[in-house]
Amino acid sequence: QRHLPPQTWTNSINQTNKVALLAWAKETGIDLVQINGQRRYGGPPPGWVGGPPPAGTEVFIGKLPQDMYENTLIPLFQRVGKLYEFRLMMTFSGLNRGFAYAKYSNRHGAKEAIAAFNNFEVREGYTIVVCKSTEKCELSVDGLATSVSRPELEAVLRRVTEGVLRVTLYTSPCRKRAQLAVLKYTSHQAAAMAKKTLMEGNVRLGGLEMRVDWLNPDMKQKLQSCQKKPSSSRVQGRKCLGVPKQVPQFPVLHNVLDCLNTLCQRQYLGTPLFLTKCVQANANGWLWFWCWVVIPGCPVPFSGFAWVRQDGTGRSGHEEAKIALALQVLRVLGES
């Protein structure tokens, strides 16, 4: 059996649309840059004068056909307003991940895009989702050693991430003899890339295991009610009283999907979007499903495979697969 080299194999996928994309880019002069799993146009676009657009100008685009590219999407979304930036999430094979982000020059453009393209049939049988993007710019890093100073932390962050605006240290409300840092970045994109870098485990400070997450609004309010560290570079080992340990508390709901939706609402992440596909069915009734879910507030989608079996509850195999993936996502969002 003959196996194609990896590069030859990936180039052979969706070749017709890839050629059309290259021809369009050459004809229009549009420059697309791919970095860390996303391909970007603009940010800023050619001829842009001034700073980036304000918050509220970016939209999330979901349920895209994976063989659709910027030569179709950018002209479509430019119909309603001037694009400042367009980011398409990509796989190693050259297919897109099914979602993208479009940032407009003003809030009016973003509102028009949602009105015009949410539930829009971008291709026969493919209806896309367009909604407001959650442009979070702040991360929390819990579990830092008490010996870590703010200048030391800033130096490390500026070396491994881009766009750091401010670093604030607090006594951790959740872990003993540890600190929590709030990191503010110049944009949601910069914060998302920093989160990815820090979560990969390549950064260690004081030898402790760090927990990196988006800064929860409830946590932010609690931290602000506590006394912040003094302005000196060395952190003082003070206790912040009256802050309970944060343990995810899921309400008693009818099913796991309700639980995930509620958690995403509480953390301002948007509504989860599921895609399931049965790839194998056994004679004994077990089904092998590929599952995929996009949460607008998370920088990358969740995906995986699961064996499921219809248990007589009236739920389809697709519903069982969604529940299996939702359980995994709940563990990541609520416990990791």
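**Close-up 1. Phe-117 is a buried residue in this predicted model.** Its relative accessible area is just 4%, which puts Phe-117 below the 20% limit for calling a residue buried. Phe-117 pairs up with Phe-77: the two ring centres are 4.8 Å apart, the planes make an angle of 55°, and the pair goes down as tilted. The two partners come from distant parts of the chain, with Phe-77 in helix H3 (residues 70–77), Phe-117 in helix H4 (residues 107–117) and their positions 40 residues apart. Phe-77 is buried too, at a relative accessible area of 0%. Zoom out a bit and you'll find both rings in one aromatic cluster, made up of Phe-77, Phe-86, Phe-117 and Phe-120.

**Close-up 2. Trp-48 and Tyr-84 make an edge-to-face pair.** By the pairing rule used here, the count comes to seven aromatic pairs. In the Trp-48 and Tyr-84 pair, the ring centres sit 4.8 Å apart and the planes are at 70°; angles over 60 degrees count as edge-to-face, so that's the label this pair gets. Here again the pair links distant parts of the chain: Trp-48 belongs to the loop between strand S2 (38–42) and strand S3 (58–62), while Tyr-84 is in strand S4 (residues 83–90), 36 residues apart. As for accessibility, Trp-48 is partly exposed at 22%, whereas Tyr-84 is buried at 9%.

**Close-up 3. Arg-39 lies over the face of Tyr-69.** The distance to the ring centre of Tyr-69 is 5.4 Å.

**Close-up 4. Arg-123 has its charged end over the ring of Tyr-126.** Here the distance to the ring centre comes out at 5.7 Å.

**Close-up 5. Helices H2 and H3 cross at an oblique angle.** The axis of helix H2 (residues 15–28) comes within 9 Å of the H3 axis, and the two cross at roughly 50°. That crossing angle falls between the 35 degrees limit for roughly parallel and the 65 degrees where roughly perpendicular begins, so the helices are oblique to each other. On the H2 side, the contact uses Ala-20, Leu-21 and Trp-24. Facing them from H3 are Glu-70, Asn-71, Ile-74 and Pro-75. Sort these contact residues by type and you get five nonpolar, one polar and one charged. The charged one is Glu-70 and the polar one is Asn-71.

Definitions and conventions. Residues numbered from 1 in each chain as written. Predicted model: local features only at pLDDT ≥ 70, side-chain atom pairs only at ≥ 80, totals over all residues. Heavy atoms only, no water. Phe/Tyr/Trp six-rings, centres within 6.5 Å; stacked < 30°, edge-to-face > 60°. Helix = DSSP H or I, 4+ residues; strand = E, 2+ residues; numbered from the N terminus. Buried < 20%, exposed > 50% of the residue type's maximum accessible area, 1.4 Å probe, protein only. Lys NZ or Arg CZ within 6 Å of the ring centre and 35° of its normal. Axes fitted to C-alpha atoms, helices over the stretch in contact; angles between N-to-C directions. Parallel < 35°, antiparallel > 145°, perpendicular 65-115°, else oblique. Contact = heavy atoms within 4.5 Å.
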